[in-house]
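Dear colleague,

I am passing a structure on to you, and my notes follow directly after it. Please look through it once before you read on.

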Number of protein chains: 2
Amino acid sequence: MIHFPGMPAPLARVVEMFSTLPGVGPKTAMRLGLNLLTRPASDTLALASALHSLHEQVSFCDCCGCFSEQGHCHFCDDPKRDRSTICVVEQPVDVLMMERGHGYRGSYHVLQGRLSPVDGMGPDQLRLVSLDRRVEQGIREMIMATSATVDGEATAHYLANRYQQGAVHVSRIARGVPEGSELEYLDEHTLSRALDQRVCWQ
Amino acid sequence: MIHFPGMPAPLARVVEMFSTLPGVGPKTAMRLGLNLLTRPASDTLALASALHSLHEQVSFCDCCGCFSEQGHCHFCDDPKRDRSTICVVEQPVDVLMMERGHGYRGSYHVLQGRLSPVDGMGPDQLRLVSLDRRVEQGIREMIMATSATVDGEATAHYLANRYQQGAVHVSRIARGVPEGSELEYLDEHTLSRALDQRVCWQ
């Protein structure tokens, strides 16, 4: 924390709290604090009030684990969603990212983490009891959309072993060259996997 | 504003407000909002409360225009400060920056702006009435510490003309090569001014 002699304590408090946010260093925190101090008080009070009600008003869906404002979420409440297809993701924010594609009409299940023995995350720390229950109620397909990292991959493998039985078809979102990217700037792992998993020209 | 279908309104509100802060784009705002949602509620409430009291508790010193928590500021209240020397700066934050050097023991005067005809800033928009009064009460030296820009320079010239009379000695903080910089990376204007204003080897 950069110390500024003569800085008023209320400003110092705001700056210190901002600097605990991800990607916000002491200088950026100072800039944000000063900006909020010099713009109309109503703006700063509006932000304060929005932050005040954030935790109070946003919770997680009992069923799928997505963000919700009541008990159930936007997705579980939507009768047009296909409940026999579950896309499994790690975090609630991943659901928002998936939805930006506008193509998927199934439901979601948020694990609230991924297997990571180093961080003490085992199967018991993931939201699997509710997933077991949804699978028992009968689903057709489970799509793994965990992250493309070692831990994300391990999590997908674990879930595939756990649920690939009977009528449940387990799939995984494709890995390969991202849209709009040039081969020149791609890493070799992405490229070699894209080559390995090439698909038929249609 | 990036739209995320299914994002709860209270989170969207926080994200939207964050994205109005300087240097915070929609993606960073989203990251900050999610961070505040996933960390303990007490952290978010503490930030909300700090922001709530920011404008209420921080004001500007009646005398010098610095940040203050009561009527007068840290610097005007300090009996050890030399009141016969006034360092003139543009913004309250400039005082905090000057104080980081720990060398200056005089007083300050904040203009709350600089002359800028394009932005409608003339002498009447600056805090000059209170500066006139302080000069009348008798000062020894006025140090110009306005910014090293065209507008900052014009402001310093205007003030020098206005106050350089009688016993008042007007000076200006030095321009030149910043500490720790290599000549290779400096712009030509800084370098040519540093050469013009070279000082005797002591």
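**Around B:Phe18 and the core**

In this predicted model, B:Phe18 is in contact (heavy atoms within 4.5 Å) with A:Phe18, A:Leu47 and A:Leu51 of chain A and with B:Val24, B:Ala29, B:Leu32, B:Gly33 and B:Leu36 of chain B, residues up to four places away in sequence being left out. The largest nonpolar core, meaning a set of buried Ala, Val, Leu, Ile, Met, Phe, Trp, Tyr and Cys residues joined through side-chain atoms within 4.5 Å, has 46 residues, and those that touch the most other members are A:Phe18, A:Leu51, B:Phe18 and B:Leu51. Buried here stands for under 20% relative accessible area, with exposed over 50% and partly exposed in between (1.4 Å probe, protein chains only). Among the elements that give two or more residues to this core are α1 (9–18) and α2 (26–38) of chain A, as well as α1 (9–18) and α2 (26–38) of chain B; helices (H or I, at least four residues) and strands (E, at least two) are DSSP runs, numbered from the N terminus.

**How the two chains are related**

A turn of 179° with a shift of 0.0 Å along the axis lays chain B on chain A with an RMSD of 0.1 Å, where the copies are superposed by least squares on the C-alpha atoms of residues with pLDDT of at least 70 in both. The two copies are therefore related as by a two-fold rotation axis. Both copies use the same surface, since 100% of the contact residues of chain B recur in chain A.

**The sheet of chain A**

In chain A, four strands make up an open sheet with parallel pairing, in the order β4-β3-β5-β6, two strands being paired if DSSP finds at least two bridges between them. Its edge strands, each of which pairs on one side only, are β4 (106–110) and β6 (169–172) of chain A. Strand β3 (residues 82–89) of chain A is joined to β4(A) by five bridges, and A:Cys87 has A:Tyr108 in β4(A) as its bridge partner. Strand β4 of chain A also holds A:His109, which counts as buried because its relative accessibility is 0%.

**Conventions**

Residues are numbered from 1 along each chain as its sequence is written, and chains are lettered from A and ligands numbered from 1 in the order in which they are written. Local features need pLDDT of at least 70, side-chain atom pairs count only at pLDDT 80 or more, and totals for chains, interfaces and linings use all residues, while side-chain values use heavy atoms, with hydrogens and water left out.

With best wishes
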